[in-house]
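Got the model loaded in your viewer? Here's a short tour, one selection at a time.

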Amino acid sequence: MSTEGSESVTRRGFMRAATGTAAAAGAAGTAAAQEEGGGGGGTQEVAVGPGGSLVYEPADLTIAPGTTVNFVWESDNHNIVVESQPDGAGWEGTKGGASKTYNTGHEYSHTFETTGTYEYFCQPHKTAGMTASITVQEGGASSGSSGPAIPSSAKTLSIATTAALVFTLGLAYFFMKYGGDYGQAE
């Protein structure tokens, strides 16, 4: 095999290095995916008066705790007045209360932490049916998905990590099958 001071690579040494590299790559990929997906439920958008209609779109939204909802005004003279919310939630709606309205281009965001149902309306258009609700629940959207949404960057990272592992194991197989003690007399 090898002697002390020799710079050749042995099969056993290569396998140790390959296994360590594969384990480190897998751990790094898992940590990065957790860091990317951690810390809340991301961001959702609600259109306020899209196309001049007197609605919030979507009218009913289900999100995970920690999700930020960004309300974007797409027509004029609307606001957000909170009608009901879970105990301890503290959502106040748009600034200025029921009498203050905002116009196209205005944006307002709120991060929902407390689980439960939040109901809200547009004061000038409540009688026209401009009402909506947000349900905050563990696991987020109830649209048939059984788990939290996975960010595309985490998916890309997992594919790259898998490719690196397959390459490393393929190279290890090659060295195991065809040897790795080149240039030494047997």
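## Start at the sheet

Select strand β4, residues 67-73, together with β6: the two run antiparallel to each other, paired over 6 bridges. Two strands count as paired here if DSSP finds at least two bridges between them. Helices (H or I, at least four residues) and strands (E, at least two) are DSSP runs, numbered from the N terminus. Before you click further, note that this is a predicted model: local features need pLDDT of at least 70, side-chain atom pairs count only at pLDDT 80 or more, and totals for chains, interfaces and linings use all residues. Residues are numbered from 1 along each chain as its sequence is written, and side-chain values use heavy atoms, with hydrogens and water left out.

Now show Phe 71 as sticks; across from Phe 71, in β6, is Tyr 108. Widen the selection and you get an open sheet of 4 strands in the order β2-β1-β4-β6, with mixed pairing. The edges are β2 (56-57) and β6 (107-112); each has a single partner strand, so one side of each has no neighbour in the sheet.

## Zoom out for a moment

Colour by secondary structure and you'll find 2 helices and 8 strands in the protein chain. Along the sequence the pattern reads α-β-β-β-β-β-β-β-β-α. Of the 186 residues, 28% count as buried, where buried means under 20% relative accessible area, exposed over 50%, and partly exposed in between (1.4 Å probe, protein chains only). Take the contacts (heavy atoms within 4.5 Å) between residues at least 6 apart in sequence: 70% of them join residues at least 24 apart.

## The annotated site

Next, select His 78, Cys 122, His 125 and Met 130, which UniProt lists under "binding site" in an unreviewed entry. They span 53 residues in sequence, yet no two of their C-alpha atoms are more than 9.4 Å apart, so they gather at one spot. UniProt positions follow the numbering used here, feature names are shortened, and annotations may be inferred rather than shown by experiment.

Where does His 78 lie? Look in the loop between β4 and β5 (81-84). His 78 is buried, at 1% relative accessible area. Leaving out residues up to four places away in sequence, His 78 touches several residues, including Trp 73, Tyr 102, Cys 122, His 125 and Met 130.

Click on Met 130, in the loop between β7 (116-121) and β8 (131-136). Met 130 is buried as well, with 0% relative accessibility. Not counting residues within four places in sequence, its contacts include Leu 54, Tyr 56, His 78, Phe 121 and Cys 122.

## A salt bridge

How many salt bridges does a search of the whole structure find? The search turns up 1, taking a salt bridge as a side-chain nitrogen of Lys or Arg within 4 Å of a carboxyl oxygen of Asp or Glu. Select Glu 83 and Lys 126: their closest N and O atoms are 3.2 Å apart. Glu 83 sits in strand β5 and Lys 126 in the loop between β7 and β8, so to speak distant parts of the chain, 43 residues apart. Glu 83 is partly exposed at 44% relative accessibility, and Lys 126 is partly exposed too, at 33%.

## Last stop: helix α2

Finish on Tyr 178, in helix α2 (residues 152-178).
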